[in-house]
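Biologist: Please take a close look at the salt bridges in this model. Set them against the fold as a whole, and finish with one helix packing.

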Amino acid sequence: MVEKKRKSFVKRMVTALILGVILGIVISVLKPSMSPATWDVLNKIFFQDITVSEGRSAIGLFYIIQTVFTNALKLAIVPMVFFSIIMSVCSMNDMRKLGRIAGKTIITFVLFYLVACLFAALVSEAVIGMGLYREFVVDSLAANVTEAETSNILVTLVNAVPDNMIAALSSNNKMLAVITCSVIIGVSIAAMGDKIKVFKVFCDECSQIVQKFLDFLIIVCSPVSVFCMITRTFAIYGIDQVSNIFSYILVTIIVLVVYLMVAYPIAIGAATHCNPFIFMKKMIKVAIIAFGAAAAPALPLNRETCVKELGCSEEITDFVLPVGMTINMNGTAIMHIIGAAFIATCAGLEVTPMNYLTMTLLAIAASMGTPAIPAAGSVMLYAVLTGAGFNTELCTLIYSLVLAMNKPCEMVLTTLNVVGDA
């Protein structure tokens with residue numbers, strides 16, 4: 001049943017993407033030849049922003065669907081980050097039983113995270129320097145672009161610890177503080193062990209509630225929302241503006257594939273002195289399952305491959321793979337860094353070394369707290385984006401476009417994450 005729902009979701013998303021692109025291109029091509037009166041009627045019915053003075057008498061059907069969907073995702077961001085990281089951290093209490101294995105596992109995960117984020121940041125800087133990302137030209141939002149300011153890099157440390165937890169949880173713009181609070185609570189629960197039962201169950205159930213809401217939002221609502229987003233984007237901004245998103249997709253996929261084909265074989269060869277080509281060859285079937293389905297369906301085959309074909313012990317495999325599926329998300333972290341840098345650059349903002357440092361910390365924490373639901377990594381990108389200070393209205397607009405077209409990146413990064421666990 002779950003597999004059927006997943007396949008149905010993928011088919012509906014692909015269909016929505018294709019139909020949205022086709023209809024959007026048709027409208028953008030026909031738009032110059034339309035009379036002003038015809039375009040005005042079409043725009044008011046489907047595409048007009050109804051929150052501005054020009055939209056007082058408009059319906060803006062596609063705008064309403066796009067905005068409601070995006071707002072609903074924002075609504076879930078803080079509770080998703082807060083409760084999922086609490087549960088992720090407090091579950092590490094079980095790792096003490098495995099002692100040395102757990103320590104090496106976590107250290108390895110963190111090192112891979114750092115290498116992945118550094119690689120993504122270097123590539124992003126190179127791509128930005130080459131001018132492959134073009135700024136979005138949106139006159140009505142231009143004033144918001146100048147609001148972002150840079151500050152001392154050490155301010156990040158100060159802002160990471162809030163003086164009021166409730167205030168931090170009430171804003172999407174204080175994600176680093178939210179993550180700090182959730183880590184503190186998670187560590188405290190783990191340290192107190194069995195003394196804390198009710199609150200741990202409460203956090204677990206809250207996390208499940210948020211995941212259920214996001215599951216409905218993404219699986220049921222996102223295909224329609226994606227269709228409306230893409231169609232409206234082509235219609236309003238034209239083919240040239242939207243083609244900018246494909247630059248981000250191409251860069252992200254190339255970085256993910258290079259990291260998969262280079263970083264992991266090097267690590268295998270250096271740490272185990274085994275032939276990395278044999279490892280990659282045996283992991284092909286697992287990678288195909290992860291690419292076509294998701295991380296969870298690939299877990300049984302991944303375990304069988306590691307134990308029976310690669311010679312790993314069952315004890316280590318049964319610990320590392322489930323833990324890795326929860327907190328070892330190198331592909332997600334790479335996508336967060338590249339995506340946030342792309343959105344900021346296209347919104348006319350400068351991405352400074354401080355921003356990259358903040359994004360790295362947020363990407364690692366957010367990736368570790370990413371729940372196992374479709375497109376969760378894309379949703380968590382918003383947490384990294386706002387946490388790094390890129391929270392202008394234009395940034396939010398470009399994020400919604402990335403969210404709508406990010407499925408190819410999600411499929412490749414899932415493959416990277418699964419192979420990384422092995």
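Modeller: Burial comes first: 50% of the 422 residues of this predicted model count as buried. The accessible surface of the protein comes to about 19600 Å², and carbon and sulfur atoms hold 68% of that area. In secondary structure, the protein has 18 helices and zero strands. Among contacts with a separation of 6 or more, 79% join residues 24 or more positions apart.

Now to the salt bridges. A search of the whole structure turns up two of them.

One joins Asp 40 to Lys 44, with 3.7 Å between the closest N and O atoms. Both residues belong to helix 2, which covers residues 36-47. They are four residues apart, or about one turn of the helix. Asp 40 has a relative accessibility of 37% and therefore counts as partly exposed, since that class lies between the limits of 20% and 50%. Lys 44, with a relative accessible area of 25%, is also partly exposed, because the value again falls between those limits.

The side chains of Lys 282 and Glu 309 form a salt bridge as well, at 3.9 Å from N to O. This pair links distant parts of the chain, with the two positions 27 residues apart in numbering terms: Lys 282 is in helix 10 (residues 276-282) and Glu 309 is in helix 12 (residues 295-309), 27 residues apart. The relative accessible area of Lys 282 is 26%, so this residue is partly exposed. Glu 309 stands at 34% relative accessibility and so counts as partly exposed.

The helix packing to add is that of helix 14 (residues 330-346) with helix 18 (residues 407-421). Their axes lie 7 Å apart and make an angle of about 140°. Helix 14 is therefore oblique to helix 18, because an angle has to be over 145 degrees to count as roughly antiparallel. On the side of helix 14, the contact is made by Asn 330, Gly 331, Thr 332, Ile 334 and Met 335. Helix 18 contributes Glu 410, Leu 413, Leu 416 and Asn 417. By class, the residues of this contact divide into four nonpolar, four polar and one charged.

Conventions:
Residues are numbered from 1 along each chain as its sequence is written. This is a predicted model: local features need pLDDT of at least 70, side-chain atom pairs count only at pLDDT 80 or more; totals for chains, interfaces and linings use all residues. Side-chain values use heavy atoms; hydrogens and water are left out. Axes are lines fitted to C-alpha atoms, for helices over the stretch in contact, and angles run from 0 to 180 degrees between N-to-C directions. Angles under 35 degrees count as roughly parallel, over 145 as roughly antiparallel, 65 to 115 as roughly perpendicular and the rest as oblique. Contact means heavy atoms within 4.5 Å. Ala, Val, Leu, Ile, Met, Phe, Trp, Tyr, Cys and Pro count as nonpolar, Asp, Glu, Lys and Arg as charged, and the others, Gly among them, as polar. Buried means under 20% relative accessible area, exposed over 50%, partly exposed in between (1.4 Å probe, protein chains only). Accessible areas come from the Shrake-Rupley method with a 1.4 Å probe; for residues, only the protein chains shown count as cover. A salt bridge is a side-chain nitrogen of Lys or Arg within 4 Å of a carboxyl oxygen of Asp or Glu.
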